[in-house]
Amino acid sequence: QAGNSLHRSKISFDGKAVAGRLKNYANCFDQSTAEARQLQASANLAEVPKVAFIVGMPRSGTTLIEQVLSSHDKIFGAGELTTLPRLKNAVLGKDFPDAPDSSQRVKSIENLTSLANAYLNEALQHLPPSDDGYQYILDKMPGNFMFCGLIAMAMPHARIIHCRRNPIDTCLSCFSKYFVSGQSFSYDLTELGNYYRSYDNLMQHWKSVLTSNQFIEVQYENVVEDLEHEAKRLMEFLELPWDPALLEFHASDRSVRTASASQVRKPIYRSSVERWRPYEKELAPLFEALGITPN
């Protein structure tokens, strides 16, 4: 608490502005817009390899899911790419989705095609020189949860994997971690809870407007309870054959550069489930912001 308070005093964060921006993303992508784009999707967008985006709150199990999936011989984990946020600014403008004409910008086929082509060109550069016939590239930037609608519009054949975890455990883990950069919402319990609710509202919107072949949710607690079942669900979603290597994800020697780098070198463990319970008294501001009564 002392460390977070000190850090919070040195950074700028406008929680109301951020909440407004997340709401504006939802306003730009409704059901009719998403369906219209699906009808416009043409064969030249059937990119190979495809891109699968792993999104969610920080500390929600995104690195674990990336490590599991990257153990498949047809999936290449590219890590946390900054490509999409940068291209969003370049193609749609830094004021998107807050500008009055944001909804029109995202309905422009020219904008969507430009974004898709630029993204795919950059993403393909991350593949190793000896391409072993990868069918998917994984982009594991958690903050891309804001762009699920944009992903579905620009790249209709992409897949989005949303990682969920108990909201209290998620927020406590964020509050416990000093991030090298970003995540300015995570240094005050009330701001953290408010941000989580805005994120959750946006994800509920994406879930309602995107199709089941574009979007899937994975619950962290279910993964640690029955990894094989959840891994097979993901293989069905990605339309890939089962690979037993997914269950041995911890043996992979691929580079991991996130805050969870050490955890994903270990087999599945359950000690992070309900980690919040010893700190119930201290977390009172978080419970209030989340609108949760612990039980």
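Over the ring of which residue does the charged end of Arg165 sit? I looked this up before anything else, bearing in mind that the model is predicted. The charged end of Arg165 sits over the ring of Tyr220, at 5.1 Å from the ring centre. I also recorded Lys232, whose charged end sits over the ring of Trp242, 5.3 Å from its centre.

**Entry: the chain as a whole**

I noted 13 helices and five strands in the protein chain. The chain has 295 residues, and 50% of them count as buried. I then turned to the contacts with a sequence separation of 6 or more: residues 24 or more positions apart account for 79% of these.

**Entry: the sheet**

I traced the strand order next. The five strands form an open sheet in the order S2-S3-S1-S4-S5, and the pairing is parallel. Strand S2 (75-77) and strand S5 (215-219) are the edge strands, each pairing on one side only. From one strand to the next, I read an average twist of 25 degrees.

I followed strand S1 on both of its sides. S1 and S3 run parallel and are joined by four bridges. Within this pairing, Val51 has Ile137 of S3 as its bridge partner, and Ala52 stands opposite Leu138, also in S3. Towards strand S4 (residues 159-164), S1 again runs parallel, here with five bridges. In that pairing I found Gly56 opposite Cys163 of S4.

How many of the seven residues of strand S1 are buried? I found six, which leaves strand S1 (residues 50-56) mostly covered. I also looked at helix H4 (residues 62-70), which lies across S1, S2, S3, S4 and S5. Helix H4 runs at about 155 degrees to S1.

**Entry: Glu217 on an edge strand**

I placed Glu217 in strand S5, which is an edge strand of the sheet. Is Glu217 buried or exposed? Its relative accessible area is 19%, and the limit for buried is under 20%, so Glu217 counts as buried. I checked its surroundings, setting aside residues up to four places away in sequence: Glu217 touches His162, Arg164, Lys207 and Arg233. With one of these, Lys207, the side chain of Glu217 makes a side-chain polar contact of 3.3 Å.

**Entry: aromatic pairs**

I describe each pair in two terms, the distance of the ring centres and the angle of the planes. The count of aromatic pairs comes to 10. I examined Tyr25 and Phe147: their ring centres are 5.6 Å apart and their planes stand at 75 degrees, so I entered the pair as edge-to-face. This pair links distant parts of the chain, with the two positions 122 residues apart. Tyr25 is in helix H2 (residues 15-28), whereas Phe147 is in the loop between strand S3 (136-139) and helix H8 (148-154).

I looked up the burial of both rings' residues. Tyr25 is buried, with a relative accessible area of 2%. Phe147 is buried as well, with a value of 5%. Which residues do ring pairs link into a cluster with Tyr25? I found Phe96 and Phe147.

I then took up Phe185 and Tyr195. Why is this pair entered as stacked? Its ring planes are at 0 degrees, and planes under 30 degrees apart count as stacked. The ring centres of Phe185 and Tyr195 are 3.8 Å apart. Phe185 is in the loop between helix H9 (167-176) and helix H10 (189-209), and Tyr195 is in helix H10. The two are 10 residues apart. Both Phe185 and Tyr195 are buried.

**Entry: Cys171 in helix H9**

I located Cys171 in helix H9. Cys171 is buried, with a relative accessible area of 0%. Leaving aside neighbours within four places in sequence, I listed its contacts as Leu192, Tyr196, Leu286 and Leu290. I also took its distance to Tyr195: the C-alpha atoms are 9.7 Å apart in space, and the residues are 24 apart in sequence. Tyr195 is the residue already entered above as the stacked partner of Phe185.

Key. Residues are numbered from 1 along each chain as its sequence is written. This is a predicted model: local features need pLDDT of at least 70, side-chain atom pairs count only at pLDDT 80 or more; totals for chains, interfaces and linings use all residues. Side-chain values use heavy atoms; hydrogens and water are left out. Rings of Phe, Tyr and Trp (its six-membered ring) pair if their centres lie within 6.5 Å; planes under 30 degrees apart count as stacked, over 60 as edge-to-face and the rest as tilted. Buried means under 20% relative accessible area, exposed over 50%, partly exposed in between (1.4 Å probe, protein chains only). A charge sits over a ring if NZ of Lys or CZ of Arg is within 6 Å of the ring centre and within 35 degrees of the ring normal. Two strands pair if DSSP finds at least two bridges between them. Axes are lines fitted to C-alpha atoms, for helices over the stretch in contact, and angles run from 0 to 180 degrees between N-to-C directions. Contact means heavy atoms within 4.5 Å. A polar contact is a pair of N or O atoms within 3.5 Å; within protein, one must be able to donate a hydrogen and the other to accept it, and residues adjacent in sequence count only if both atoms are side-chain atoms.
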